[in-house]
Amino acid sequence: MGIDADFRGGEEIARMLKKKKDKYEKLSEKEKEDFDTEALTNPYLDSRILNIAQDKEVKKILIGVDIDPAELLLAKEIGNIDLIISHHPLGRGLAALSDVMELQCDILEQYGIPINIAERLMKERMSEVARGINRLNHRRTVDAAKLLGLNLICLHTPCDNLSAKFLKDKIEQENNLMRIGDLLDLLKQIPEYKEAVKFGAGPKVFVGEKENRCGKIAVTEITGGTEGSPKIYEKMAIAGIGTIIGMHMEENHKKEAEAANINVVIAGHMSSDSLGINLFLDELEKKGIDIIPCSGVIRVCRTKKTTP
Ligand SMILES: [Fe+2]
């Protein structure tokens, strides 16, 4: 599902995997030992199996935007949870978060930013993100899952791709998105955002005014690991982008977008993550799997439950 929703398309992803395979084959035996062989088949290294305590049929899952040892204890308390899914990457998935950021280059190119600029700025930002992650205690939750005997995986970019595709399609289908206010209204029609408004985390204008015209709307900040380079906004403005939609935005990025006269609509973090998670969960539910949402997941079902 993640590949199907990927803005790059299946062919480009197959090419990327082949490139990694070619690179792997050229390595010495010693170098091969340290190579993450998951990269040969999985285009999203921030999404992977983290712990298999027991190889069993999955009938009931606990899923959260963030899974910490606290949620694992919650799973124990609830009981009979066959698998725990964290949306945000953990363990080796977190260590590899910067790897998936490469997809932002292709998205930026699709919106008219020259690939040489996208690649240069992204490379710089990817190494910054990798260094930032380096200091973290990646293994904490995975270690806890081992001790508690729980199955644990993380699914990040595949779900974010689903969110991004959903939002892009929705915006492209709408012909009357003249002003930022119209865009906010459109987002608020989506159940996850509608729900988020109720607890004070609805879509917000970070840069611009509701009365501003949107210009060209770009969905460049929903998927691709984490926030890209703050230097990109000036290039976006030159490429003709008027408004960007993101899940969240740091202050530094906001300032740069403002300086480049780009409007910024922040759809909301938990709600945007939930949107992609829900599209995936609907497929699990069709298979008769029981779902317990936790830790930020706003569960909305778009399909009717059918028992297999
Ligand atoms: Fe997220």
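Here is a walk through this predicted model, from its iron site to its sheets and helices.

Let us start at the metal. The iron ion takes its protein donors from H88 (NE2), H269 (NE2) and D273 (OD), which lie 2.1 to 2.3 Å from it. Along the chain these donors follow the spacing H-x180-H-x3-D. The last two belong to one element: H269 and D273 both lie in helix α14 (residues 269-286), where they are 4 residues apart, about one turn of the helix. An α-helix has 3.6 residues a turn, so residues three or four places apart point the same way. Are these two donors on α14 buried or exposed? H269 counts as partly exposed, because its relative accessibility is 26% and the buried class ends at 20%. D273, in contrast, has a relative accessible area of 1% and is therefore buried.

Helix α14 also leads us to a sheet. The helix lies across β2 (60-64), β3 (83-86) and β9, and runs at about 180° to β2. Those strands belong to an open sheet of 5 strands with mixed pairing, in the order β1-β4-β3-β2-β9. Its edges are β1 (48-51) and β9 (290-294), each of which pairs on one side only. From one strand to the next, the twist averages 25°. If you look at the β1 edge, you will find 3 bridges joining β1 to strand β4 (residues 152-154), and the two run antiparallel. One pair to pick out here is N51 with its bridge partner in β4, L152.

There is also an open sheet of 4 strands, again with mixed pairing, ordered β5-β8-β7-β6. Here β5 (204-207) and β6 (216-221) are the edge strands, pairing on one side only. Neighbouring strands in this sheet are turned against each other by 30° on average, direction ignored. At the β6 edge, 4 bridges connect β6 to strand β7 (residues 241-246), and these two strands run parallel. To follow the pairing by eye, try E221, whose bridge partner in β7 is G246.

Next, have a look at helix α7 (residues 115-134). With 20 residues at 1.5 Å a residue, α7 should span 28 Å, and its end C-alpha atoms are 28 Å apart, which agrees. Which residues of α7 are buried? They are A118, L121, M122, R125, M126, V129 and I133. These buried residues cover an arc of only 145° around the axis, so they sit on the same side of α7. The face turned away from that buried side carries the exposed residues N116, R120, K123, R131 and N134. And what do the buried residues of α7 pack against? Their partners are α5 (91-95), α6, α12 (232-238) and α13 (251-259).

One of those partners, α6, gives us a last stop. I107 has its place in helix α6 (residues 103-110). With a relative accessible area of 1%, I107 is buried. Leaving aside neighbours within four places in sequence, I107 is in contact with F7, V219, T220 and T223. F7 is 100 residues away from I107 along the chain, yet the C-alpha atoms of the two are separated by 6.6 Å. Two of the other contacts, V219 and T220, bring us back to edge strand β6 (216-221).

Methods:
Residues numbered from 1 in each chain as written. Predicted model: local features only at pLDDT ≥ 70, side-chain atom pairs only at ≥ 80, totals over all residues. Heavy atoms only, no water. Donors = N, O, S within 2.8 Å, 3.2 Å for Na, K, Ca; no water. Buried < 20%, exposed > 50% of the residue type's maximum accessible area, 1.4 Å probe, protein only. Contact = heavy atoms within 4.5 Å. Pairing = 2+ DSSP bridges. Axes fitted to C-alpha atoms, helices over the stretch in contact; angles between N-to-C directions. Expected span 1.5 Å × (residues − 1). Arc of directions from axis to C-beta.
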